[in-house]
Amino acid sequence: MVSKSLPSYALRLFAVAGLVSTAATQACFADTLDDITANSKVRIGYANEAPFAYTSPDGTVTGESPAIAQKIFHNMGIKESSSVLTEWGSLIPGLRAKRFDVIAAGMYITPERCKQVLFTDPHYQLPDALLTAAGNPKKLHSYEDIAATGAKLAIMAGTVELGYARESGVDDAQILQVPDTTAQLQAVRAGRADAAVGTQLTMKGLAAKGGSSVEAITEFNDKPSHIGYGALAFRPEDKALRDAVNAELKKWIGSEEHLATIKPFGFDKANITDKTAAQVCGN
């Protein structure tokens with residue numbers, strides 16, 4: 001409490017100091033939605049993982065997630081977007097460090113990630129699959145098969161599959177962590193790994209890219225709880241921005257334009273889900 005004996009000019013100084021402090025606090029937590037709207041520009045963070053987000057041969061950024069983000073921000077009146085490439089494991093740290101405003105990389109919603117970022121409701125659901133040498137020499141159809149045979153498994157660092165493998169009994173000595181999907185394909189082709197694991201669309205894409213020496217094993221026996229739900233992600237303090245994007249997504253997902261946008265990346269109506277971020281987060 002300020003003493004009643006202080007002169008009036010001192011009281012005025014306290015009041016001014018309080019206003020300055022409040023203004024500084026508000027500046028530190030400036031609303032990203034207001035900034036994006038005022039500048040009509042948004043920065044999109046992504047990692048190279050086809051078909052979710054990747055750099056095409058001509059240098060443009062494409063994939064299901066950036067395409068959706070660009071459409072949604074366009075619908076919000078944002079005229080310009082820039083893309084920031086980073087490794088998968090650096091996406092959340094990069095977002096929180098304000099290197100970009102949104103993660104558009106097909107990131108799965110998980111309870112652990114929900115403690116670090118705010119997700120929109122998912123814009124797709126997808127099971128996992130394996131990539132093996134042609135003929136699937138070790139007859140791998142589950143994490144349990146991998147654990148039992150001692151097979152080497154290539155997993156992209158920072159992905160949920162790392163936890164799934166460990167939970168299913170795959171020893172750390174069997175796990176080869178790699179930075180991206182290209183490294184997964186290279187590991188299987190070179191025999192440094194007996195299999196790679198990732199989303200069904202990704203493994204199918206790698207199989208097509210890898211030619212006759214590899215194949216995608218879509219008959220993968222996995223827990224229903226391991227079905228992935230992908231979404232856009234925002235900083236915890238950017239709830240207003242997340243809510244604005246979520247509102248646009250709700251109007252757009254399932255529309256003819258949405259289905260046409262995701263078709264080139266292998267997605268269709270079957271990938272649409274009515275799950276909410278809160279449900280997947282476990283809130």
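This is a short tour of backbone features and nonpolar cores in a predicted model.

Residues are numbered from 1 along each chain as its sequence is written. Because the model is predicted, local features need pLDDT of at least 70 and side-chain atom pairs count only at pLDDT 80 or more, whereas totals for chains, interfaces and linings use all residues, and side-chain values use heavy atoms, with hydrogens and water left out.

Select Ala50 and Pro51 to begin, where the peptide bond is cis with omega near 5°; Pro51 belongs to the loop between strand S1 (41–46) and strand S2 (54–55), helices (H or I, at least four residues) and strands (E, at least two) being DSSP runs numbered from the N terminus.

Go next to Lys98, a non-glycine residue with a positive phi of about 65°, in the loop that joins helix H4 (91–96) to strand S5 (102–103). Then select Asn136, which also is not a glycine and has a positive phi of about 50°; Asn136 is buried, at a relative accessible area of 5%, where buried means under 20% (1.4 Å probe, protein chains only).

Now select Phe73, Leu130, Tyr143, Leu153 and Val245, which touch the most other members of the largest nonpolar core, a set of 44 residues; such a core consists of buried Ala, Val, Leu, Ile, Met, Phe, Trp, Tyr and Cys residues joined through side-chain atoms within 4.5 Å. Helix H3 (residues 64–75) supplies the largest share of this core, 5 residues. Apart from this core lies another, of 21 residues, among them Val84, Cys114, Phe119 and Ala231.

Technical notes:
Buried means under 20% relative accessible area, exposed over 50%, partly exposed in between (1.4 Å probe, protein chains only).
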